[in-house]
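Here is a short note to read with the structure open. Take the points one at a time and find each residue as you go.

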Amino acid sequence: MNRQSWWEDAIIYQIYPMSFNDSTGNGIGDINGIKEKLDYIKSLGVNTLWVNPVVLSNHVDNGYDVIDYTKVDPLFGSEEDSRSFIEEAKKREFRLIFDFPLNHTSDQHPWFKSALKGKDDPYRDYYIWADSEGDPYPNNWTAGFGGPAWTKEMNGDQYYLHLFMEQMPDLNWDHEPLRKEMAEVINYWSDQGVDGVRMDAFIYIDIDKEFPEHPEDFGSAQEVSSNGKLIKEYLTEMNERINKEEKEIFMIGEATSADAERIHWYTNDNMVDKIISLQHFTDKEEDKIEDLPKEKQHVPLDMTKFKDMQKAFQETLSDKGGPILFWNNHDRPRAPQKYGDMEEYRDETAKTMATLLYLQRGIPIIYYGEEIGMNNAWFDDPGNVTDSGVREFYNSAREYGWSHEEAMKNINLTARDGSRGIMQWTDDKYAGFTDDADPWIKYNRERKYNVRDQEKDENSILHYYRKLLDLKKTNLFKDGDWSLDDETRENLYVYERTYQDQKGLVCCNFSSETETYQIKSSDFPGEMVLSVGEVDVTDTEITLGPYSSCVLVN
């Protein structure tokens, strides 16, 4: 691959600001708290930071309901704090990616408040409005967080569209003045020193103004509003307005439903550089119970489908440097606890899952805390979980006969809230996250699974991540060709990387049973450069204990 863009060498560390480090003692993480930990983050071997929203918000959706795109939220600090953070990050040669919720704003945004003044207001067309002809709503669309996707204005006769929440009205990207404003947002942060943006929910910015009915009686507005024809035009125009090519602005798009072919389409023709998709989380849907709401039912990972999806990503996106590689983020429960065994084989699970995914071709995103094997924050009461559908699922599960514990286990392993627990710096009070206040969210406090303890242990998950990311930076694991052995047993995940005359073999056991892999190439065993758990290598086979793995290089 011809490496031309800085992000092809990126190893990204994602930070959820509210939960990373509290510098003020109010129980909420902040910008200065991140700045205090920059040397730690640098020591991991990452070179790029993705920071979830820190701009002014009403916090109905934890920062994704924006009131002002260019003003720092006082909850996280001041404008000077932001400038200082960016300056200190640049001193350490970090690239910076900021979140950009471009599909909607808060209903408290000045644009929307002005739009409510009436149809003649200049900001009216910044949002999407429709009339209703006799029915309660313009059509049968439902919102992502429940209820209709339409809300009637208080002092008028029209309805505004909100694909997610009533408090988050959708923006009208068909309106050129709006598109200019959004480009200026990126230009502002680029001038501040930000190197890229992660475009939240961008696949919904082209809405069919005919508002076609969902084929079901009531159905998801997102299902009928994604991947519109004009998205290419909007993004291409925006890239020109921000002078993307000259400034080398990294554009990541969130497209949770995108398969490999859709990702390839988006990353062509100067639209976006990379896509974050959720399609590799191939749950065993057939194991779910028909009589219960499916979204909050926890089931295992279907490894056969997972392999198929990884193969499609790797092969289809080979000319694009591979896909984005991630197990965890702020919208998903932490994957090692969801899919692995974090009770009996916690260290092995965390290390092997990282080995399996991040040594493939592509750009890794490490979500804060995964490098120490953090589990999800564990909730005891469904009322404390903000995810949509939680209360409905809990009530249905209890009526079905499940115990409180069984219902909450399923919620904790499917809801996003648990992944947002505070970073475990120590096993002191409040896990070293804050000194003087109860943290804003449920949290874990543990011996061993914290930064302080793992720094002292050379065999820890933390130290393993550093070794793994060092290996990722080599030509073999950055640029090498990728080939999956798809004739193995279901729980074995084995692939080769090839770069010039060098070869690597990554062999992972994704189960609690011992597995044996028959070596098929005369190029191996070679040198074992990394190993996890119980590993035995001979000239002809590799035996792996539960959640064990190894990396051989010839």
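1. **An exposed acid.** Start with D135. Its relative accessibility is 54%. The cut-off for exposed is over 50%, so D135 counts as exposed. Please keep in mind that this is a predicted model.

2. **Where D135 sits.** D135 belongs to the loop that runs between strand 6 (129-130) and strand 7 (141-142). D135 has company there on the surface: D131, E133, D135 and E213 gather in a patch of negative charge.

3. **The recorded domain.** The UniProt entry, which is unreviewed, carries the annotation "domain: Glycosyl hydrolase family 13 catalytic" for residues 14-420. In the model, this span is 31% helix and 14% strand. The C-alpha atoms at its two ends are 12 Å apart.

4. **Salt bridges overall.** How many salt bridges does a search of the whole structure find? The count is 38. The next points take up some of them.

5. **R92 with D39.** These two residues form a salt bridge, and their closest N and O atoms are 2.6 Å apart. The pair links distant parts of the chain, 53 residues apart. R92 lies in the loop between helix 4 (79-91) and strand 5 (95-101). D39 lies in helix 3 (residues 38-43).

6. **D61 with R416.** Here the side chains meet in a salt bridge, at 2.8 Å from N to O. D61 is in the loop between strand 3 (55-57) and strand 4 (66-72), while R416 is in the loop between helix 14 (404-412) and helix 15 (451-455), so the bridge ties together parts that are 355 residues apart in sequence. Are these two residues buried or exposed? D61 is buried, because its relative accessible area is 7% and the cut-off for buried is under 20%. R416 also counts as buried, at 12% relative accessibility.

7. **K288 with E285.** This salt bridge has its closest N and O atoms 3.2 Å apart. Check the cover on each partner. K288 is buried, with a relative accessible area of 11%. E285 counts as partly exposed, at 41% relative accessibility.

8. **A shared network.** Some salt bridges share partners. In this way D61, E295, K296, D331, D387, R416 and R420 are joined into one network. Look for D61 and R416 again here; they are the pair from point 6.

9. **A cis peptide bond.** Which peptide bond is cis, with omega near 25 degrees? It is the bond from F524 to P525. P525 lies in the loop between strand 19 (515-518) and strand 20 (527-532).

10. **Positive phi at N62.** N62 is not a glycine, yet its phi is positive, near 50 degrees. N62 lies in the loop between strand 3 and strand 4. That loop also holds D61. N62 has a relative accessible area of 19%. The cut-off for buried is under 20%, so N62 is buried.

11. **Positive phi at Y547.** Y547 is not a glycine either, and its phi is positive at about 50 degrees. Find Y547 in the loop between strand 22 (541-544) and strand 23 (549-553). Y547 counts as buried, at 7% relative accessibility.

12. **A335 in a helix.** A335 is placed in helix 11 (residues 335-339). A335 counts as buried, with 1% relative accessibility. Now go from A335 to L301, which is 34 residues away along the chain. Their C-alpha atoms are separated by 9.8 Å.

13. **E515 in a strand.** E515 has its place in strand 19. E515 is buried, with a relative accessible area of 4%. How far apart are E515 and Y126 in space? From C-alpha to C-alpha, the distance is 58 Å. In sequence, they are 389 residues apart.

14. **W482 in a strand.** W482 is found in strand 16 (residues 481-484). At 9% relative accessibility, this tryptophan counts as buried. W482 and F211 are 44 Å apart in space, C-alpha to C-alpha. Along the sequence, 271 residues separate W482 and F211.

Notes
Residues are numbered from 1 along each chain as its sequence is written. This is a predicted model: local features need pLDDT of at least 70, side-chain atom pairs count only at pLDDT 80 or more; totals for chains, interfaces and linings use all residues. Side-chain values use heavy atoms; hydrogens and water are left out. Patches are made of residues with over 30% relative accessible area and no salt bridge: like charges are joined within 9 Å, nonpolar side chains (Val, Leu, Ile, Met, Phe, Trp, Tyr) within 5 Å. Accessible areas come from the Shrake-Rupley method with a 1.4 Å probe; for residues, only the protein chains shown count as cover. A salt bridge is a side-chain nitrogen of Lys or Arg within 4 Å of a carboxyl oxygen of Asp or Glu. Lys and Arg count as positive and Asp and Glu as negative; His and the chain ends are not counted. The place of a charge is taken as NZ of Lys, CZ of Arg, CG of Asp or CD of Glu. Helices (H or I, at least four residues) and strands (E, at least two) are DSSP runs, numbered from the N terminus. Buried means under 20% relative accessible area, exposed over 50%, partly exposed in between (1.4 Å probe, protein chains only). UniProt positions are given in the numbering used here, feature names are shortened, and annotations may be inferred rather than shown by experiment.
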